[in-house]
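Here are some short exercises to work through with the coordinates open beside you. Try each task before reading its solution.

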Amino acid sequence: MTITQADTNNLNGLAILFDDYRVFYKQDSNINQAKTFLLERLKNKDSVIYIAYIDDAAVGFTQLYPLFSSVAMQPIYLLNDLYVDANHRGKGIGEALINKAKQLCIDKNNKGLAIQTAFDNPAQDLYQRLGFAKDSDLHFFWKQQNV
């Protein structure tokens with residue numbers, strides 16, 4: 001397995017994984033929109049994306065968004081997206097992608113790494129095994145733009 005920071009050369013394989021990830025979260029498939037969204041992130045450097053390959057096939061990715069902790073006055077990353085192709089799960093790819101994200105935080109002297117996920121995401125076991133703990137002090141509130 002090879003993990004690299006994604007750039008526009010990785011767009012086609014990354015877009016397929018990203019589209020599958022969105023379908024996993026019950027969104028309609030739209031590969032063209034996925035490519036456009038990812039291309040904007042890569043060009044604008046809005047996020048850091050790592051992509052995992054096995055034998056030149058894209059098999060997983062994680063996308064990190066930079067944020068800041070006002071209380072700590074330090075940068076953090078939000079691991080918003082983590083996906084491993086269903087045919088390659090159980091091979092340590094998700095763990096390797098998370099470890100790559102953790103190393104980025106260390107290298108950049110960030111306060112830490114936050115993970116946002118669905119309540120029923122089975123990857124929570126992996127997160128806890130890798131030392132992440134559910135935050136019982138903070139809650140996430142959301143209001144859709146048109147609501």
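Rings of Phe, Tyr and Trp (its six-membered ring) pair if their centres lie within 6.5 Å. Please keep in mind that this is a predicted model.

**Exercise 1. The ring cluster**

Task: Find which residues the ring pairs link into a cluster.

Solution: Begin with the search of the whole structure, which gives seven aromatic pairs. Following the links from ring to ring, you arrive at a cluster of Phe 18, Tyr 21, Phe 24, Tyr 25, Phe 37, Phe 61 and Tyr 83.

**Exercise 2. Two pairs that share Tyr 21**

Task: Classify the pair of Tyr 21 and Tyr 25, then do likewise for Tyr 21 and Phe 61.

Solution: A pair of aromatic rings is described by the distance of the centres and the angle of the planes. Planes over 60 degrees apart count as edge-to-face.

Step 1. For Tyr 21 and Tyr 25, the centres are 5.3 Å apart and the planes stand at 70°, so this pair is edge-to-face.

Step 2. Next, look at accessibility. Tyr 21 has a relative accessibility of 9% and therefore counts as buried, while Tyr 25, at 28%, counts as partly exposed.

Step 3. For Tyr 21 and Phe 61, the centres are 5.7 Å apart with planes at 85°, so that pair is edge-to-face. Tyr 21 belongs to helix α1 and Phe 61 to strand β3, so the contact ties together parts 40 residues apart in sequence. Both Tyr 21 and Phe 61 are buried.

**Exercise 3. A charge over a ring**

Task: Which residue lies over the face of Phe 37?

Solution: Arg 41 does, at 4.5 Å from the ring centre.

**Exercise 4. The sheet and its helices**

Task: Work out the strand order of the sheet, then place the two helices on the strands.

Solution: Strands of a sheet pair through backbone hydrogen bonds, either parallel or antiparallel.

Step 1. Here five strands make an open sheet with mixed pairing, ordered β1-β2-β3-β4-β5. β1 (2-5) and β5 (112-115) are at the edges with a single partner strand each, so one side of each has no neighbour in the sheet. From one strand to the next, the twist averages 30°.

Step 2. Now zoom in on β2 (residues 48-54) and β3 (residues 57-69), which run antiparallel and are joined by seven bridges. Phe 61 in β3 is the bridge partner of Ile 51.

Step 3. Finally, add the helices. Helix α1 (residues 11-24) packs on the sheet and touches β2, β3 and β4 (74-84), with its direction at about 75° to that of β3. Helix α2 (residues 31-44) lies across β2 and β3, at about 55° to β3.

Technical notes: Residues numbered from 1 in each chain as written. Predicted model: local features only at pLDDT ≥ 70, side-chain atom pairs only at ≥ 80, totals over all residues. Heavy atoms only, no water. Pairing = 2+ DSSP bridges. Helix = DSSP H or I, 4+ residues; strand = E, 2+ residues; numbered from the N terminus. Axes fitted to C-alpha atoms, helices over the stretch in contact; angles between N-to-C directions. Contact = heavy atoms within 4.5 Å. Phe/Tyr/Trp six-rings, centres within 6.5 Å; stacked < 30°, edge-to-face > 60°. Buried < 20%, exposed > 50% of the residue type's maximum accessible area, 1.4 Å probe, protein only. Lys NZ or Arg CZ within 6 Å of the ring centre and 35° of its normal.
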